[in-house]
Each structure stands twice: as C-alpha cells, then as structure tokens.
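User: Please take a close look at a single part of this structure and tell me how that part is placed among its neighbours. I am new to this, so plain wording is best.

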Amino acid sequence: MRTPRQQRLRQWTWAHKWSSLVCTVFVLLMCLTGLPLIFYHELSGLLGLGIHPPPVAQGSPKADLDRVIGAARERQPGMVVQFLARELDDDTFWYVTMGSAPHATQGRKSVAVDAHTAQVLAEPRFTEGFLWLMYKLHTDFYLGLTGKLFLGFMGILLLVALVSGVVLYAPVMRGRDFGTVRQERSSRIQWLDLHNLLGIVTVTWALVVGATGVVNTWADLLIKLYQRDELAHATARHAHERAVPNHQLGSLQSAVKHAQGAVPGMTLAFVAFPGTDFTSPHHYGVFLRGDEPLTSRLVKPVLVDASTTEVTDSPDLPWYLTALALSQPLHFGDYGGLPLKVLWALLDCITIVVLGSGLFL
C-alpha cells in the first residue's frame, strides 16, 4: 500500500514523464530555430539585409513624414500604405509597409526610406531567406493561427514538465549533494544526473521563456480581442461614418504632431493607417513610446481623425496587450543588448542538452 506522499510523487512523475514526452520534440525544434533568432539583427547585417543610410551631419533635420510616405508610394504605385515604423534603436530610416488593401496580409511590400532625405534606400524582403524560414518554423510551422495555437499548447505542456520536474528534484536527490553526477558504469545514470542538474539550473530561464512564448502564440487572438472591445468602444461614435479613402487622408506629419502634443514626452514608435489591425477605418493609430529600457517597450495609442488630423482619443492599452508587448522582447533576450543575448543563447544551448537527454532517458 502506497502512502499519500508516495501517491503524490507517483502522480507528479506521471505528469513529468508524459508532458515531457509529448512536447519535447517540438520544444527542441523551438530551441534550435530560436537560437539564430536571438541574434536576428546581428545576422541580418552579416547576411547583407541591414539598411545603411548615408551619414548626415549631427543635428540634421528629419524629413517631413508626408514626404517619406510619398517616396514609398512612388516606389510602389497602386499599393496602400498600412504602417510606418522604425527600428527601436535606429531613427535614421523608416519602414513603410504597403499592401493591396488596408487589411491585406498577402503580398505586402516594405520600403525603407531615409529619415533625413526621404530617399528610398531599399525594398527589404522579410518573407524569404534563412531567417524567415527560422521565424516561421519557430512561430507557426507555416500553419498560421492553427500552428501558433498548437505550439502554445506545447508550451503549456513544457510549463507542466518544468514545474513537475522542480517538485521531483528534491526526492530524486535525497541523500546526495546538490549537483552530484554519479560516475557509474551505466551511461544512463550519468545522463540522468546531468539532466537533473542542468534542468534545475536553467529552470527559471526556461519558465520565463516558455511562459512568454505561450503568450506570444496568442498574439493574433489578443489583437482581435482589442479590435472587438477597446478599439470598437473608442471609435464607436464614428462607426456610422464611411472609411476615409486613401486619397483623402490628412497630413501624416500633422497627425503625429497632434498626437505627440496630446501625450508629451514620448517618441513615435509606429503609425497604423486607417483600416489596419491596430486602428479603425477612420483614424490614424499613432503609437508612442517612452525612451527608457522598459518604457520603450510600452506603447501609448493615440487615435487621430484621418481627415482632420485632430486627436479624438488616447486610450491606454489593455493589460493583455501590455503583457504581450513585454513578453515579445523578453522571449528573445532583447532587453539588455548583446551581453543578454549571449546569455540567452548559452541558456538555450544548455536547454537543448536537457531536452536531448530527456528524450534519451
């Protein structure tokens, strides 16, 4: 007859074994594909995908945003501007994303425009090449939302395996010093001890990366929820109005100026044009951010009438989009520059060993 304690340990062992067996192959693939993505910006430069505007004198004025958009439209005539954005740590150029319609996701084109001269620098292709392959395998297996939700479920199983592993570590190590790797003849015993040691050392990191990865797989659903609730509420009084046609849009420069005036002390992160995911058919969605390491990841939306360029509302992001905004860079160690990325990569490699040894065992 088993004691209650033995029964609980048996249940935890069962949970650890089967959650690990089901998710390990997929999590191993996530670790392998995630490794180059940690160094996405660095590898982009090495692969010749970086944008390098010509140098300008310090303090040179920035080009009017309407000129920037105009340059992109000239390069891609007949396409509709969807987003204007820039790199977090580089304000020397803009990315202008364009599509066949405001809501179109297929066939998008990106145009990089110099922030000072409004000259087109390049037409980067983000949807091809090695890094794109790694990104798609890491995020959705080329299966869209279905793939993301499946990987999210695998992430939940990973969290179950981690928590159950922590619970089982003390009973397994009873009578032995922390970190002991027994030098037995059986390689299985050595791999078991190594698996337990590396697993407990990296468990906090794995929990953080696993949890943020699960949140990231819900991104599409969270954005839909934002559109249905907060965004619909903020733009309810415009619901009866017709969408603002592309050729009747007001000045983007004026819209951004008014948005920054409504929320002083913040810089422009990106602009969503009317009809895209982050705004209504009647508004520019001007998203501002802070300039500190943490606040730079938190954006403040300002809705600007696309015809008059006057601010109509500046609602706070709902908590779930704030969580999403914080989880995305944390997942790839993109908060502390190259040193943190190197640490993330090292922990990723150790986790690969933990997963491989788990499969072996």
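Analyst: In this predicted model, helix α4 covers residues 130-139, and its buried residues are Leu 131, Met 134, Lys 136, His 138 and Thr 139. The cover over these buried residues of α4 includes four other helices: α1 (4-38), α2, α5 (144-172) and α9 (319-331). After α4 comes Phe 141, which has a positive phi, near 55°.

One of the helices that cover α4, α1, also packs against α10, residues 337-360. Two packed helices are described by the angle between their axes and the distance between the axes. For α1 and α10, the axes come within 10 Å and cross at roughly 160°. Angles over 145 degrees count as roughly antiparallel, and therefore α1 and α10 are roughly antiparallel to each other. Their crossing is left-handed.

On the α1 side, the residues that meet α10 include Val 25, Leu 28, Leu 32 and Ile 38. On the α10 side, the residues that meet α1 include Trp 344, Ile 352, Leu 355 and Leu 359, and also Lys 341 and Asp 348. The residues of this contact between α1 and α10 divide into 13 nonpolar, three polar and two charged.

As for confidence, the chain averages a pLDDT of 88, and 95% of the residues score at least 70. Confidence is lowest in α2 (residues 40-46), at a mean of 86, and α2 is among the helices that cover α4. The highest value belongs to α3 (residues 65-75), at 96.

Terms used
Residues numbered from 1 in each chain as written. Predicted model: local features only at pLDDT ≥ 70, side-chain atom pairs only at ≥ 80, totals over all residues. Heavy atoms only, no water. pLDDT = per-residue confidence, 0-100. Helix = DSSP H or I, 4+ residues; strand = E, 2+ residues; numbered from the N terminus. Buried < 20%, exposed > 50% of the residue type's maximum accessible area, 1.4 Å probe, protein only. Contact = heavy atoms within 4.5 Å. Axes fitted to C-alpha atoms, helices over the stretch in contact; angles between N-to-C directions. Parallel < 35°, antiparallel > 145°, perpendicular 65-115°, else oblique. Left-handed = near helix turned anticlockwise from the far one by under 90°. Nonpolar A, V, L, I, M, F, W, Y, C, P; charged D, E, K, R; others polar.
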